[in-house]
Amino acid sequence: MQKKKQLYEGKAKKVYETDNPDLLIQEFKDDATAFDATKRGTIKTKGIINNKISKILFELLESKGIETHFVKQLDDRHMLIKRVEIIPLEVTMRNTVAGGMAKLLGIEEGLKLKEPVLEYHYKDDSLHDPLINNYHAKALKLVTDEELDFIEKKSFEINNILKAFFDRKDLDLIDFKLEFGRHKGKILLADEISPDTCRFWDKKTREKLDKDRFRRDLGRIEEAYQEVLRRVTS
Ligand code: 5GP
């Protein structure tokens, strides 16, 4: 499958058309941004690692009945995906308090939540992806009632599958962000699942093995991404 016209370039990925109008190619870049792209950098081989990790996690989720946009991995940096209309709603699932939730509510990072917390953010850079609730999502006509029910149910299922998977890899899945899209009347999990979009802490040492190493200048960024890949494939 060949790349045709570039459809879109985001902060971490590019998307291309193919000969087949239903299929697109997603390319994973090494570019990293944080804090509304005010911080920019490159994480060497990140694109290759995130492509591999996303492939493995999409296949895992598909095997457990979650429909995703993933079709197949093409090469190091490219993945064939189904064309979806991205719903501009970011779903954040949290198992442990960190990042945005710690800041918003003045809670210390690291507090384990009794039940996962689901958050919606309106995907709009100019508004800084504001936290919204289900009423806002419907008022903005981002989703219908049925779509939102489906997305909520799937997000909890995805959390259960991923939490159990990473637990077996001695990684604590702290939180992560999901994006969904519409494809031929169905809602598919889209985007990527990687150390760019998840927080992983080593179960024993609590070492951060994700994009927070870049956001917070913690060093050994490439090594952390490599380590997640190593554990995911072990
Ligand atoms: P927080 O709201 O605490 O900043 O992020 C919660 C989780 O969602 C983290 O795992 C973070 O990586 C992910 N996340 C939230 N928004 C974004 C985003 O715009 N881009 C990326 N790459 N990840 C995000």
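## Getting your bearings

Helices here are DSSP runs of at least four residues, strands are runs of at least two, and both are numbered from the N terminus. Counted that way, the protein in this predicted model has 6 helices and 15 strands. Its radius of gyration is 17 Å, close to the 17 Å that the globule rule gives for 234 residues, so the protein is as compact as a globular protein of that length.

For a feel of the overall dimensions, picture a box of roughly 50 × 40 × 35 Å along the principal axes, filled by the C-alpha atoms. Of the 234 residues, 52% count as buried.

## Around the ligand

Which residues come nearest to the ligand? Out of the 16 residues around it, they are Arg 94, Gly 100, Asp 175, Arg 199 and Arg 215. By type, the shell splits into 9 charged, 4 polar and 3 nonpolar residues. Four elements supply at least two shell residues each: strand S9 (89-96), helix H2 (99-105), strand S12 (171-178) and strand S15 (198-202).

Now for some individual contacts. Arg 94 has a polar side-chain atom 2.8 Å from an oxygen atom of the ligand. Gly 100 uses its backbone instead, with a polar atom 2.6 Å from a ligand oxygen. Thr 197 also has a backbone N or O atom by a ligand oxygen, at 3.4 Å. On its own the ligand has 490 Å² of accessible area, and the protein covers 79% of that.

## Helix H4

Helix H4 runs over residues 145-168, which makes 24 residues. Why does its length fit a helix? At 1.5 Å a residue it should span 34 Å, and the end C-alpha atoms are 35 Å apart, so the two values agree.

Several H4 residues are buried, among them Leu 148, Ile 151, Ser 155, Ile 158, Asn 159, Leu 162 and Phe 166. If you're wondering about the spacing, an α-helix has 3.6 residues a turn, so residues three or four places apart point the same way. The buried list also holds charged residues, including Glu 147 and Lys 154. Just after H4 comes Asp 170, with a positive phi of about 60 degrees.

## Helix H1 and the loop that follows

H1 has 18 residues. From its first C-alpha to its last it reaches 25 Å, close to the 26 Å expected at 1.5 Å a residue. Its buried residues include Ile 49, Ile 53, Leu 57, Phe 58 and Leu 61. Just after H1, Gly 65 takes a positive phi of about 90 degrees.

A little further along is His 69, in the loop between helix H1 (46-63) and strand S6 (70-75). Is His 69 buried or exposed? Its relative accessible area is 2%, under the 20% cut-off, so His 69 is buried. The His 69 side chain reaches the backbone oxygen of Asp 191 at 3.0 Å.

## Loops worth a look

Thr 18 sits in the loop between strand S2 (13-17) and strand S3 (23-28). With a relative accessible area of 9%, Thr 18 is buried. Its side chain reaches two backbone oxygens: that of Asn 20 at 2.9 Å and that of Leu 23 at 2.8 Å.

Next, some backbone angles. Most residues other than glycine have a negative phi. Asp 129 isn't a glycine, yet its phi is positive, at about 45 degrees. You'll find Asp 129 in the loop between strand S10 (112-122) and strand S11 (131-132). Arg 220 has a positive phi of about 45 degrees too, again without being a glycine. The place to look for Arg 220 is the loop between helix H5 (212-215) and helix H6 (221-233).

## Distances across the chain

Lys 3 belongs to the segment before strand S1 (6-9). At 36% relative accessibility, Lys 3 counts as partly exposed. How far is Lys 3 from Thr 233, C-alpha to C-alpha? The two are 28 Å apart in space, with their positions 230 residues apart in sequence.

Tyr 120, for its part, lies in strand S10. Tyr 120 is buried, with a relative accessible area of 5%. Tyr 120 and Glu 67 are 53 residues apart along the chain, and their C-alpha atoms are separated by 20 Å.

Note on methods
Residues numbered from 1 in each chain as written. Predicted model: local features only at pLDDT ≥ 70, side-chain atom pairs only at ≥ 80, totals over all residues. Heavy atoms only, no water. Near = heavy atom within 4 Å. Polar contact = N/O pair within 3.5 Å; in protein donor to acceptor, adjacent residues only side chain to side chain. Areas by Shrake-Rupley, 256 points an atom, 1.4 Å probe, with all protein chains shown as cover. Expected span 1.5 Å × (residues − 1). Buried < 20%, exposed > 50% of the residue type's maximum accessible area, 1.4 Å probe, protein only. Rg over C-alpha atoms; globule rule 2.2 N^0.38 Å.
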